[in-house]
Structure formats: structure tokens, C-alpha cells
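Me: I am new to this structure and should like to understand how its features earn their names. May I put some questions to you as we look at it?

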Amino acid sequence: MKKRVIAGIAAMLLAPSLAGQAQEIDPFARSRLEWNKPQTPFHVIGNIYYVGPAGVSAFLIVTPQGLILTDGGLPESASMIEANIKALGYDIKNVKLLLNSHAHFDHAGGLAQLKRDSGARLVASQADTPILEKGRIDFGPSTADPFPPVKVDRIVTEGDTISLGGVTLTASITPGHTPGCTNWTTTLTEGGVPLKVLFFCSITTGGNPLVNNPQYPSIAADYKASFARLRTMDVDVFLAPHGDQMDLPAKLKRLESGTQKGNPFIDRQALPRLIQIMERQFDAELARQQAAK
Ligand SMILES: [Zn+2]
């Protein structure tokens, strides 16, 4: 009994330092628990459904010739994404194409399992392919978060398209957040009105080394060019890799309650709003890193 009490005290004393250590090793330890909270899958708009966990997005595009899935979430999200697809009445084996926004563990981590279980072809950008196939990125905040490597079946570059069942998606590469950060655009018709949909890659600065980055020397210039490009993009439906980048909780509430006339995901200001915030953060972070050099 006494032994057990002592062991208990020892565990309590050890716990904080272990927790501190774990956080140092993996800066995302806390975030990934939040990101991977369950989310009931739901219809977004047109032929698009949300099938990701609460904090990292995965979108299912339904076509008469099979399914397209964008992003695989964290490694531990794959089973949840599969269950969400099933809950909507679709079969994982009917996923023909897997797309990736960018090769970070929180969007590419589940791809290996999803590819294995679906038999789908994985489509990814040229510059992010080596990272996906290695299962880790060598710079930036998620270097400590490897993920199961996954073979890319089709490599795309700027302007390349993929098609399935009458749906065409176009790759537009905005390097910076990763070297091959890929936005996917498509058009759908809702109530007779054509809508341009953007599956956004991300352009957050968060932890990326912007100066003296030997793995990616052009990173700062790439970010700047990508901001300029994203500022000119005109999209009706903005879908982001993390829910908080697209006000997911609020939009979902409005979608479910029907309080907003029209679909809340039709939001032409969503992209410019976000880009303005992210560009300001980038400028401040670049200045900070240059000053610290
Ligand atoms: Zn990322």
C-alpha cells in the first residue's frame, strides 16, 4: 500500500516534466487532440460533403463515376474519415481519387491508410511529392511529426486538371507554407447559378523559417508571390484545411438552423479576409526573423 502511494507521488512528480518534454518534442501534441475531435459529417454545398474530424478538414466530392476525397487529416484521423464516409451512405472502396492540399502531417497523415483501404490514386504536386513519399518535412514546425509515407500516383503542376464523373478540379500552386502547396478549384451549379469553389491549401507562417532556410531558400519570395496571387482570386465558396480558417463552427450552426438565407458557405469575402490577416502575420514574422538574424 505504502509502496503504491510512493509510486503514485513519484508519478505525479514525474508527470509535469514528462508533459513538458512531450510538448517540446511535439509542438502540436495539444492541437492534434483538438483537431481530431469527432465531427458528424454534413452536406456543404452541391456535391460536396465534409467528412473530416472537427479541426482538420476532409471533403468528399460525389460524382456518378465515383468519389473524390481531398486530404486525409492526421494519421489518427483516417478511420474517422472512413466512418464518416460510411455514415453518409458511401463506400470507401468507391473513392477513386485522393487529393492533398499540402504535405504536412495534419493533412497528409491519413492518406496512406485511406489509399490502402480505398485503392484510390493519389494526386499531389511535384514539389510536395518527395515529402509525402518520405513521410516527413525537413523544415518548419512539423519536423517532429512524421507521418506514414505514401506513394503519389499522379504528379501535378500549375494548371493541371483531374476529372472524374463530369467534375474537373484544377491545381493552382501557391508555394510558401510548403514548397508545393496546392489549391484545388472547381465549379458547381447551385440553383442554376455557377459557383467557383476553392479548396484552399493554407498560407500560414506559423513556425516556418523564412530566412536562412537551406532546405527552401526561396521561401520568403514564394510566400510574397503567393499572397499577391491569392489576393486576386475570386471565389464564391471558400473551403479551408482547418475549420477555424473558414469559421466552420459558426457557418455550420447557420447551415443547420437555416437562419441564413442561402448557403453560409457562399462567402465571397472569406478568402480576402483571411489573406489580409495571414499576410499581416507573415510581414511581422519576416521582420522579426530578419531582425533576429
Ligand atoms: Zn500546414
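Me: What is the volume of the largest cavity?

Reply: In this predicted model, the largest cavity has a volume of about 70 Å³.

Me: What makes it a cavity and not a pocket?

Reply: A cavity is a set of points where a 1.4 Å probe fits but cannot get out, whereas a pocket is an open set. With a threshold of 30 Å³ or more, the count comes to one cavity. The largest cavity is lined by 13 residues, and those closest to its centre are Thr70, Asp71, Ser101, Phe199 and Phe200.

Me: Which residues lie nearest the centre of the largest pocket?

Reply: They are Trp35, Asp106, His177, Thr204 and His242, out of 18 lining residues. The volume of the largest pocket is about 320 Å³. Helix H4 (105–108) and helix H9 (270–292) are the elements that give two or more residues to this lining. H4 supplies the largest share, three residues.

Me: Why are His102, His104 and His177 called donors of the zinc ion?

Reply: A donor here is an N, O or S atom within 2.8 Å of the metal. NE2 of His102, ND1 of His104 and NE2 of His177 lie 2.1 to 2.2 Å from the zinc ion, so they meet that cut-off. Along the chain, the donors follow the spacing H-x1-H-x72-H. Because water is not among the atoms, a site may look incomplete.

Me: What does it take for histidine 102 and histidine 104 to be called buried?

Reply: The term requires under 20% relative accessible area. Histidine 102 and histidine 104 are both buried, so each falls under that limit.

Me: How do you know that strand S3 and strand S4 pair?

Reply: Two strands pair if at least two bridges are found between them. Strand S3 (residues 59–63) and strand S4 (residues 66–70) have five bridges, so they satisfy the rule, and their pairing is antiparallel. Within this pair, leucine 60 stands opposite leucine 69 in S4.

Me: What makes S1 and S7 the edge strands of the sheet?

Reply: The open sheet has seven strands in the order S1-S2-S3-S4-S5-S6-S7, with mixed pairing. Strand S1 (42–45) and strand S7 (154–156) each pair on one side only. From one strand to the next, the twist averages 25°.

Me: Which strands does helix H8 touch?

Reply: Helix H8 (residues 248–257) packs on the sheet and touches S1 and strand S2 (48–50). The direction of H8 makes about 95° with that of S1.

How values were computed:
Residues numbered from 1 in each chain as written. Predicted model: local features only at pLDDT ≥ 70, side-chain atom pairs only at ≥ 80, totals over all residues. Heavy atoms only, no water. Helix = DSSP H or I, 4+ residues; strand = E, 2+ residues; numbered from the N terminus. Axes fitted to C-alpha atoms, helices over the stretch in contact; angles between N-to-C directions. Contact = heavy atoms within 4.5 Å. Donors = N, O, S within 2.8 Å, 3.2 Å for Na, K, Ca; no water. Buried < 20%, exposed > 50% of the residue type's maximum accessible area, 1.4 Å probe, protein only. 1 Å grid on protein atoms, 1.4 Å probe; cavity = no way out; pocket = protein on both sides within 12 Å on 5 of 7 lines; lining within 4 Å. Points joined across faces, edges and corners; volume = space filled by probe spheres on them.
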